[in-house]
Amino acid sequence: MAFLEKSSPGRLLLDDTVALTAIIEASQNLQSHTEYIIRVQRGVSTENSWQIIRRYSDFDMLNSSLLISGINLPLPHKKLLGNMDREFIAERQRGLQAFLDSITQHHLLCTCELVKKFLDPNNYSANYTEIALQQVSMFFRSDPKWEVVDPLKDIGWRIRKKYFLIKNKDLPKERQVLSWVDLGPDTFLSDKDLQSIMKLLPNLTFPYIYPVTFASVNESSALVIRLFHEKGTLRDHICKVKPKEPFLRKYGNPKKIQGLELQQIRTYGRQILEALKFLHNKKLYYGHLHAGNVVLEDNTCKLLDVENSLLGLPSFYRPYLIQFRKINTTESFDVYCFGHLLYEMTYGRPPDTVPVDQYPPAPYTSVVSVLQSILSTEASKAGLPTVGQLMQTAPFSEVLLYHSEKEHFKIPSKLRDALKNAKECLEKRLQEEQRVVYQHRRLTRAQSHHGSEEEKKKRKILARKKSRQSAYENEEDLSVKYNNNSGSGASSPPTSPSSPTPPSATGDQAAPPPPPPPPPCGPADWAGSSPCPQPPPSSNGVGTERTALLGSIQSFSQGKLKKTQTCDRSQPLI
């Protein structure tokens, strides 16, 4: 039973978990309103950025749409009069920037379809619900025993994944849920291998994995059917919400959160670790463990969406994973996600920030020690424990599990090799992204340090030292050049009369007296009758010439100058 024989052409495999950042660069006043020019960037590369123009009314509409989450966002208030004043526009721009920052830095809101369409309309302009309905209708035409009961609108966090409550006409009282999703950017299996592994999923039986009724895939999307669990997921149980409610309403700001009892944490934790161990032994990578992908059935935890990694879908915790270079294998993905799940089971809510070094008071010290081994700063640098090591820790090692369901999932050897290659490609893409993020973080820290006031003062002091050193080196270079020129017979530069005579290098012996200066040339000499006698060249170099020059200056006497006669011819001849 195949569906969608022809895929939509030109479909872009975009990673919706990559963070978008938005900076308001400028504002411009038009006739009756102000427009704000916003620079949006995907990820850390400045090349992957674009500009959008939004009015205050656009921000107001977005804020109204996000009220369903119950999260208080800092949107500036409206103003009817004076809203075109320059100072008011500058103040409003700062308020709108704070509004954008609060959205893009919130883990749930930043992946919301409303926010994506506001910041990136080119890539998120499609109506995914309409696309899903069209493709599900094609599937129903190929297999008419299924019938749609009700669309489950926005019950999940993925933008490109839609859910429908359906029923089998042969079993009208039994409700099942159909999920349709686009293939993701981590799809590394060939079409043939992907179809083969998806056909095997209904045969997977394990006591802690929720069974699949039907699975099908084509070149661009996949469709999976499971029994609908009326009580919802583990996160619904923790947050005390109804499963069919929209995702933002359920989890944006839940009012009645409650962590689990210690015995529940131990039992559920051990069951989840057993499911991860089973998948790893079968060479399957999960990578999508969180409280929304776990259901409770008769005090038993069962994992959902084991097909997500096969379909190339990015993990819910991927924005955290790319920050830690030690978490670079699919096994460590699952351990890290287990740490987040364990935190949520203990405290009733996810951690506010990562890594986590400070924990709220909890009566379960053994659980906190496990959390520290996974979520702490030291763990993110030194490496995480394995699934097997976690099963040997105090909270989970003594848990006894009883189940009658047999384990079964047989994968052909060729398909195992394809899964291994796909796993390596997935890890390589993550490691490359971690490298880029690490380099960007180092550059950002360096720029921040370079621009600090303390660093500016240090640079000024260093610049002054370099300036003085350069001036000193220039003086030395000129002195060396002067000495070399004097030694080759060139004329010596004049010396200041106030310059002291350098001491003799021979100790107490006085230098010989300088020779008398030559008489000045008379007027006859100026007429060219006889050349003015030149002093003989010095054979002692710079020292002798300097001494002679100083001597002539010191022995100068005005009385030795010859008198001159002036012939005044300024009067006119008559």
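**Notebook: the chain and its largest cavity**

I began with the secondary structure and recorded 18 helices and 10 strands in the chain. I note that the model is a predicted one.

I next looked up burial. Of the 574 residues in the chain, 42% are buried. For the surface, I noted an accessible area of about 33,300 Å² for the chain. Carbon and sulfur atoms account for 53% of that area.

I then turned to contacts. Among contacts in the chain with a separation of 6 or more, 65% join residues 24 or more positions apart.

My following entry concerns internal space. Rolling a probe the size of a water molecule over the atoms shows where empty space is left. I found that the structure holds 4 cavities of 30 Å³ or more. The largest cavity contains about 540 Å³ of space.

Which residues lie nearest the centre of the largest cavity? I listed Ile-155, Tyr-163, Thr-233, Gly-292 and Leu-304, out of 31 lining residues.

I also asked which strands and helices each supply at least two residues of this lining. The strands are E5 (161–168), E6 (171–182) and E8 (221–227). The helices are H6 (234–239) and H7 (247–251). Strand E8 gives the largest share, with 4 residues.

Finally, I recorded the character of the residues that line the largest cavity: 14 are nonpolar, 9 polar and 8 charged. Tyr-163 counts as nonpolar here, and Gly-292 as polar.

Terms used. Residues numbered from 1 in each chain as written. Predicted model: local features only at pLDDT ≥ 70, side-chain atom pairs only at ≥ 80, totals over all residues. Heavy atoms only, no water. Buried < 20%, exposed > 50% of the residue type's maximum accessible area, 1.4 Å probe, protein only. Contact = heavy atoms within 4.5 Å. Areas by Shrake-Rupley, 256 points an atom, 1.4 Å probe, with all protein chains shown as cover. 1 Å grid on protein atoms, 1.4 Å probe; cavity = no way out; pocket = protein on both sides within 12 Å on 5 of 7 lines; lining within 4 Å. Points joined across faces, edges and corners; volume = space filled by probe spheres on them.
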